Amino acid sequence: MYAYIDGKLVFKSPAYVVIDAGGVGYHINISLNTYSKLGDGEKCKLFTWLHVKEDAHTLYGFIEEGERRLFLHLISVSGIGPNTGRMILSSITPQEIQAAIVGGNVSQIQRIKGIGPKSAQRMILELQDKLKKDGPDTLTMVPVNVTVKDEALSALVMLGFARNAAEKVLDSEINKNGGNLTVEQLIKFALKSL
């Protein structure tokens, strides 16, 4: 529901922050990873996810879009809820989590509080292919000056195509057409080849 909340940082603790945006104070749960990267400045922007339950609406905030994407992958695993997902992101960095899952490193994942051997194996089983398909740069921030190829690649990955295959097809189409294509044209040509 909320893509991000940008405003004045009113309160900051390792567990949550309060951001004043437009005169409304948002209580947002954060990971230690986000806490460590938050500056002490007044301005603050967090990418958010809203968890709706019968008895509560809870906001979770992330310093980077990549951390939010990883969190959403984590909570898609059976038995891992938002609080456990936040605990995982607080225990080791998102890059270490992704490397452990892609590499099948059960022992590193098991060291996280609240994650036993079965949960660690389930995380690897359910997320390994997804994270491999996303590629190693899935946790990096979205660049400000995005090229036509980057936008088309992002759209194809969101549609479920493997990053490597989509990238090869896009390069081929760009070379065929001299690079003078719009994002829409490039995606249409790529879809015919994929």
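**Exercise 1.** In which loop is the place of E42?

Solution. The model is predicted, so that local features need pLDDT of at least 70 and side-chain atom pairs count only at pLDDT 80 or more, while totals for chains, interfaces and linings use all residues. Residues are numbered from 1 along each chain as its sequence is written, and side-chain values use heavy atoms, with hydrogens and water left out. Helices (H or I, at least four residues) and strands (E, at least two) are DSSP runs, numbered from the N terminus. On that basis, E42 lies in the loop between α1 (32-37) and β4 (43-52).

**Exercise 2.** Determine whether E42 is buried or exposed, and list what E42 touches.

Solution. Buried means under 20% relative accessible area, exposed over 50%, and partly exposed in between, with a 1.4 Å probe and protein chains only. E42 has a relative accessible area of 56% and is therefore exposed. Leaving aside residues up to four places away in sequence, E42 touches G7, K8 and L9, where contact means heavy atoms within 4.5 Å.

**Exercise 3.** Set E42 in the context of the protein as a whole.

Solution. Begin with the fold: the protein has 9 helices and 5 strands, in the order β-β-β-α-β-β-α-α-α-α-α-α-α-α from the N terminus. Next, consider extent: the C-alpha atoms fill a box of roughly 55 × 45 × 30 Å along the principal axes, and E42 and A120, 78 residues apart in sequence, are 38 Å apart in space, C-alpha to C-alpha. Finally, consider burial: 40% of the 194 residues of the protein count as buried, whereas E42 is exposed.
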